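User: Please give me a close look at a single part of this structure, the charged side chains and the place where the chains meet. I am in my first year, so explain each term when it comes up.

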Amino acid sequence: MARKAQSNPQLDMTPMIDVVFELIIFFVVTLTESAKRDESITLADGKHGMVITAETLPMEHLQIDVAAFDKKGDGRKRLAKPRISISDREISLQDVYNLVVERKKRYGHEFPVLIRADERTPHEYIRHVMDKCTEAGIWKISFTAVAEDNTSEAKKR
Amino acid sequence: MARKPQEDPQLDMTPMIDVVFELIIFFVVTIKPQDVFSRLNVNRPAPAQSSAEQTNDPVEEIQVGDHRRSDRKGVYVYNGKEYDIKTIKPILKKISDVSSDATIVVRCNGKSPHGALVDLLDICYEYKLMNVSVFSM
C-alpha cells in the first residue's frame, strides 16, 4: 500500500483560526456576564474619588447594592423598602453581616467594602448596611460614585 | 484513480476577512460605553474609640439634613448655619487650607438622600480632605 506523502510543507491554518475565533467569542461573552449588578440604581457623581479599575480594586472586595427604585428611567416607582443585593441577588441585612464576617476571616479587616446606593436612598437604609459592617468589624467603608459618565441617558431623573 | 493535487499553496483569505468584518461589526454594535466608577472612603465610628486616640488635628462637623424640608437638593449645616452644595464648597476649601489633616465629621439625618452625602464627600476629596467620618442621626 502506497503511503501518502506525510510531510506537508504548507500548514493548513483554517481549523486553528476557527478555534481561535471560537475562544474569543467564548471569553467575550463570559466576561460581560460576570459584571452583574443592580441596574435600577442611579449613582451620584463623584469625579474626585479614587477611580475604580481592575488594578485599584482588589478581587476580594464586596460591593453591596442598595436600590431605592424598581427600575431606571421614567415611570419608576419608589420601593417600600430598599432592595439590598450583591451581584443582582437580593439578600437580607443578616446575610450582609454573615458575608462580611466570612470575608473578614479570609482576607483580614482591610478588604474593601463598597456600598453602591441610589442617590435618593434615604440615609437610614445605608446606615443599616453600614451598621452591619461595623458590627462585623469593618469600619472603613466606601461609596461608589460615577467618575465619568459615558452612558448619557443614565443621568435622567 | 488519479488524485487531485492536495495542496493549494495560496490560502484563500476571503472567507476569513468576511468573518472578521462580521465580528467587528457585531462587537461595535453590541458593546456600549461603560461608566467609570470611583470610590469615596469614609470611616465609621468605632464603638471602642476612646478620647485618648484624639490628635491635635482639627475636627469639623457638618450635618446633612433632610432635603424635603427645603427645595434644595442637599442641605448642609455647619456651625449652625445652613448651606447648599454650592455654598458649602468655599467652607471646605477654607478648612483644607487651614489643615489638610482635618477630620470632617459628617452627621447624616436618617431621611437625607444618599446623594447629598456623596456630593459632600466628593468635595472633601477635591480638597484632599481624606479623613471623613460618617455618623448617623
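Analyst: A:E135 and A:K132 are separated by about one helical turn, because they stand three residues apart in helix α3 of chain A; helices (H or I, at least four residues) and strands (E, at least two) are DSSP runs, numbered from the N terminus. Their side chains form a salt bridge in which the closest N and O atoms are 3.7 Å apart, the term meaning a side-chain nitrogen of Lys or Arg within 4 Å of a carboxyl oxygen of Asp or Glu. The two partners fall into opposite classes of accessibility, since A:E135 is exposed with a relative accessible area of 51%, whereas A:K132 counts as buried at 18%. In these classes, buried means under 20% relative accessible area, exposed over 50%, and partly exposed in between (1.4 Å probe, protein chains only).

Before going on, note that this is a predicted model, in which local features need pLDDT of at least 70 and side-chain atom pairs count only at pLDDT 80 or more, while totals for chains, interfaces and linings use all residues. Residues are numbered from 1 along each chain as its sequence is written, chains are lettered from A and ligands numbered from 1 in the order in which they are written, and side-chain values use heavy atoms, with hydrogens and water left out.

Another salt bridge within a helix joins A:R106 and A:E102, at 3.1 Å from N to O. These two residues lie in helix α2 (residues 93-107) of chain A, four residues apart, which is about one turn of the helix. Here A:R106 is exposed, with 54% relative accessible area, and A:E102 is partly exposed, with 43%.

A pair between strands can be set beside these helical ones. The side chains of A:D65 and A:R116 meet in a salt bridge of 3.1 Å, N to O. This pair links distant parts of the chain, because A:D65 sits in strand β2 (residues 62-69) and A:R116 in strand β5 of chain A, 51 residues apart. A:D65 is buried, with a relative accessible area of 2%, and A:R116 counts as buried at 4%.

After strand β5 (113-117) comes a loop that runs to α3 (123-135) of chain A, and A:D118 is found in that loop. A:D118 is buried, with a relative accessible area of 0%. Its side chain reaches the backbone nitrogen of A:T42 at 3.0 Å. Leaving aside neighbours within four places in sequence, the residues in contact with A:D118 include A:S40, A:V66, A:R76 and, from the other chain, B:H114; contact means heavy atoms within 4.5 Å.

That last partner leads to the meeting of the chains. Over all chains the rule counts twelve salt bridges, and two are found across the interface of chain B and chain A. In one salt bridge, the side chains of A:D131 and B:R44 meet at 2.5 Å, N to O. A:R127, A:D131 and B:R44 are linked in a network of salt bridges.

How many residue pairs are in polar contact between chain B and chain A? The count is 22, with both residues at pLDDT 80 or more; a polar contact is a pair of N or O atoms within 3.5 Å, where within protein one must be able to donate a hydrogen and the other to accept it, and residues adjacent in sequence count only if both atoms are side-chain atoms. On the side of chain B that touches chain A, the elements giving two or more residues are α1 (14-30), β1 (36-43), α3 (114-126) and β6 (131-136) of chain B. The largest share, nine residues, comes from α3(B). By type, the residues of this side divide into 24 nonpolar, eleven polar and ten charged, where Ala, Val, Leu, Ile, Met, Phe, Trp, Tyr, Cys and Pro count as nonpolar, Asp, Glu, Lys and Arg as charged, and the others, Gly among them, as polar.

Strands take part in the meeting too, for β1 (residues 50-51) of chain A and β1(B) pair in the antiparallel sense over two bridges; two strands pair if DSSP finds at least two bridges between them. The bridge partner of A:V51 in β1(B) is B:S38.

Taken as a whole, the interface brings 45 residues of chain B into contact with 53 residues of chain A. Chain B and chain A bury about 4200 Å² between them, 58% of it on carbon and sulfur atoms; this buried area is the accessible area (1.4 Å probe) that two parts lose on being put together, summed over both.
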